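Open your viewer and keep the selection tool at hand. This tour goes stop by stop.

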Amino acid sequence: MGAEFDLNLIRTFVLLYETRSVTAAADVLGVTQPTVSYGLGKLRRKLGDELFVRGPGGLLPSSEAERLYPPLRTAIEQLDVTIGAAKDFDASGPISFALGLSDLGEVNVLPLVIAELEARAPAATLQVHAFDVDTAVDQLTRGQVDAIVASPLLDSTRVNRVPLFTEGYIGMVSNDHPRLRRGTPTDAELREERHIVVDGTTGHTAPRQALRTHGLEGRIAVRVTRFATLPYVVQDSELVAIVPQRIGRALSRTHPVRTFELPWPIEPAEVAAYTRRTPGRSPAQHWFLAVLRTALQDLP
């Protein structure tokens, strides 16, 4: 019993570190908040350290908690795998999932996920949340979303990252652009044009970086907040946009715009799925991650 209780304390510590919240840790563990608070108090006495203090964004780990987290997380993950924490999930009944996506993800990724979800769990429902890089890690670890699919790197030990696919870039202009009518424009031709870019942290940053690298930042005429805005502006202007390849080709089928290969290379973006780490991930969330991987693994 003593060993079992110590294991529960370790699991409590790992989840407090990842969720930064007594309430969220209690929800994952399926216990009451006082139970988690009691466990934290026992850990503090055993280790002779405060471990967590309250801050503006939730619980903040002490330096000792930072030191303890990696080995304890690894131990819990290995134990969960050994005893089959990712046991089979019954997808036949009603179940609800929450997925974080950017505006591009809602156009590019969401239809494929819905198709896979409907095929494997017809009674499931899905809530889509707007991706925000500043709050994404907390959304995952506190259970507000089950997964996030995005290109920006969430560099945190508190979440798990699974690469899904890479995305290259192409140019996009109006079908009626008076100068860029066909083929790949030259570097010199693009330097004469005015450009539109997407600012913000929810989308791809490579187009803005490419313009800076090639000395074209001074040619940026318009900055918007969402990629979904681009076709409506480009189709009625002479502006040039650089967009992810798949979305650009899809937009060329639904808007009076054309796409073209760029005269210089841009490093492709890697789109990944982010979830809670194994100790806090439920069987349903394990299953949902498999749905995402299957839905997106065969993108051309």
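**Stop 1: Arg20**

Select Arg20. This is a predicted model, and in it Arg20 sits in the loop between helix 1 (2–19) and helix 2 (22–29). Is Arg20 buried or exposed? Its relative accessible area is 14%. The cut-off for buried is under 20%, so Arg20 counts as buried.

Now check the backbone. Most residues other than glycine have a negative phi. Arg20 has a positive phi, near 60°, and is not a glycine.

**Stop 2: Leu51**

Go on to Leu51. Where is Leu51 found? Look in the loop between helix 3 (33–47) and strand 1 (52–55). Leu51 also has a positive phi without being a glycine, at about 70°. Its relative accessibility is 0%, so Leu51 counts as buried.

**Stop 3: the whole chain**

Zoom out and show everything. How many helices and strands are there in the protein? Count 12 helices and 12 strands. Turn the model along its principal axes: the C-alpha atoms fill a box of roughly 80 × 45 × 25 Å. The protein has 300 residues, and 48% of them are buried.

Switch on the surface. The accessible area is about 14600 Å². Carbon and sulfur atoms account for 51% of that surface.

Next, think about contacts. Take those between residues at least 6 apart in sequence. Of these, 75% join residues at least 24 apart.

**Stop 4: the largest nonpolar core**

In soluble globular proteins, nonpolar side chains tend to be buried together. Look for this by selecting Leu99, Val149, Trp287, Phe288 and Leu292. They have the most contacts inside the largest nonpolar core, which has 25 residues.

Colour the elements that supply at least two residues each to this core:

- strand 3 (95–101)
- helix 6 (110–120)
- strand 5 (147–150)
- strand 6 (159–167)
- strand 12 (269–276)
- helix 12 (283–296)

Which of them gives the largest share? That is helix 12, with eight residues.

Stay with Val149 and show what it touches, leaving aside neighbours within four places in sequence. Its contacts include Leu99, Leu101, Val109 and Leu164. Val271, Leu292 and Leu296 are also among them.

There is a second, separate core, of 19 residues. Select Val22, Leu43, Ala65 and Ile76 to see some of its members.

**Stop 5: helix 9**

Select helix 9, residues 206–213. Which of its residues are buried? They are Ala206, Pro207, Arg208, Ala210 and Leu211. Now find what covers them. The cover includes strand 7 (169–174), strand 8, strand 9 (220–224) and strand 10. After helix 9 comes Gly215, with a positive phi near 70°.

**Stop 6: a cavity**

Keep helix 9 on screen. The protein has two cavities of 30 Å³ or more. Go to the second largest, which holds about 50 Å³ of space. To frame it, select Ile196, Val197, Val198, His204, Pro207, Arg208, Phe227, Leu230 and Ile242. Of these lining residues, seven are nonpolar, one is polar and one is charged.

Which elements supply at least two lining residues each? Strand 8 (195–198) and helix 9 both do. Strand 8 gives the most, with three residues.

**Stop 7: Gln235**

Select Gln235. It lies in the loop between helix 10 (230–234) and strand 10 (240–244). With a relative accessibility of 18%, Gln235 counts as buried. Apart from neighbours within four places in sequence, it is in contact with Ser174, His255, Pro256 and Val257.

Draw a distance line from Gln235 to Arg45. How far apart are their C-alpha atoms in space? The separation is 65 Å, and the two residues are 190 apart in sequence.

**Stop 8: Ser252**

Finish at Ser252, in helix 11 (residues 245–254). Its relative accessible area is 28%, so Ser252 is partly exposed. Not counting residues up to four places away in sequence, Ser252 touches Val257 and Thr259. Val257 is also in contact with Gln235.

Draw one last line, from Ser252 back to Gln235. These two are 17 residues apart along the chain, and their C-alpha atoms are separated by 10.0 Å.

Note on methods
Residues are numbered from 1 along each chain as its sequence is written. Side-chain values use heavy atoms; hydrogens and water are left out. On a 1 Å grid over the protein atoms alone, a cavity is a set of points where a 1.4 Å probe fits but cannot get out, and a pocket is an open set with protein on both sides within 12 Å along at least five of seven lines; lining residues have an atom within 4 Å of a point. Grid points are joined across faces, edges and corners, and a volume is the space filled by probe spheres set on the points. Helices (H or I, at least four residues) and strands (E, at least two) are DSSP runs, numbered from the N terminus. Ala, Val, Leu, Ile, Met, Phe, Trp, Tyr, Cys and Pro count as nonpolar, Asp, Glu, Lys and Arg as charged, and the others, Gly among them, as polar. Buried means under 20% relative accessible area, exposed over 50%, partly exposed in between (1.4 Å probe, protein chains only). Contact means heavy atoms within 4.5 Å. Accessible areas come from the Shrake-Rupley method with a 1.4 Å probe; for residues, only the protein chains shown count as cover. A nonpolar core is a set of buried Ala, Val, Leu, Ile, Met, Phe, Trp, Tyr and Cys residues joined through side-chain atoms within 4.5 Å.
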